[in-house]
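I opened a new page for this chain. My plan was to look up the fold, the pocket and the surface, in that order.

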Amino acid sequence: DTRVHGDYTPQSAYEIFEWQLRELAVPQKERAAYRDGHFLLINAWRNLNPEAVENDHLAVCDAGSVCPDHLLMLAAAPEAAASLPALSAESFAERVAGPMALVEFSELHRWYYFPALMDQELL
């Protein structure tokens with residue numbers, strides 16, 4: 001398979017944004033002002049092992065090099081989505097595991113490769 005995945009979609013990013021508004025106890029009246037602006041979701045990755053990553057190295061694709069037509073959005077099955085718990089710190093990993101986006105291969109993609117990532121390095 002020549003496809004890779006994106007950890008977040010616009011839908012899951014928006015869910016995380018809304019969850020953060022609730023978690024930070026932003027009053028309802030002020031939430032509209034935040035929704036009128038822009039937000040940025042930052043996905044960080046770090047090797048948790050003291051040994052350098054020797055296999056399955058991390059690579060990151062420049063999103064600006066991905067044609068929207070090459071994105072394949074995978075929605076969670078309706079029955080699976082209905083059984084998911086509300087988004088919280090405890091359910092975060094389970095909730096943001098889907099939906100995801102697969103990306104069809106293209107020669108136009110610009111890739112950045114991070115070999116031998118150490119535990120003190122954050123991407």
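Entry 1, overall. I started with burial: of the 123 residues of the chain, 22% count as buried. I note here that the model is predicted. I then went through the secondary structure and found four helices and five strands. Read along the sequence, they follow the pattern β-α-α-β-β-α-α-β-β.

Entry 2, pocket. I looked up the largest pocket and noted a volume of about 1200 Å³. Its lining is made up of 31 residues. I wrote down those that lie nearest the centre: His5, Gly6, Asp7, Val60 and Cys61. Next I checked which elements give two or more residues to this lining, and they are strands S1 (4-6), S2 (58-61), S3 (71-74), S4 (100-103) and S5, together with helix H1 (10-23). S2 gives the most, with four residues. I also sorted the lining by residue type and got 25 nonpolar, four polar and two charged.

Entry 3, surface. I looked for a nonpolar patch on the surface and found one formed by Trp45, Val60, Tyr112 and Leu123. Together these residues have about 340 Å² of accessible area. Val60 is thus on my list twice, as it is also one of the residues nearest the centre of the largest pocket.

Entry 4, Leu123. I placed Leu123 in the segment after strand S5 (111-114). Is Leu123 buried, exposed or partly exposed? I entered it as partly exposed, because its relative accessibility is 31% and that class runs between under 20% for buried and over 50% for exposed.

How values were computed: Residues numbered from 1 in each chain as written. Predicted model: local features only at pLDDT ≥ 70, side-chain atom pairs only at ≥ 80, totals over all residues. Heavy atoms only, no water. Patch = residues over 30% accessible without salt bridge, like charges linked within 9 Å, V, L, I, M, F, W, Y side chains within 5 Å. Areas by Shrake-Rupley, 256 points an atom, 1.4 Å probe, with all protein chains shown as cover. Salt bridge = Lys/Arg side-chain N within 4 Å of Asp/Glu carboxyl O. Buried < 20%, exposed > 50% of the residue type's maximum accessible area, 1.4 Å probe, protein only. 1 Å grid on protein atoms, 1.4 Å probe; cavity = no way out; pocket = protein on both sides within 12 Å on 5 of 7 lines; lining within 4 Å. Points joined across faces, edges and corners; volume = space filled by probe spheres on them. Nonpolar A, V, L, I, M, F, W, Y, C, P; charged D, E, K, R; others polar.
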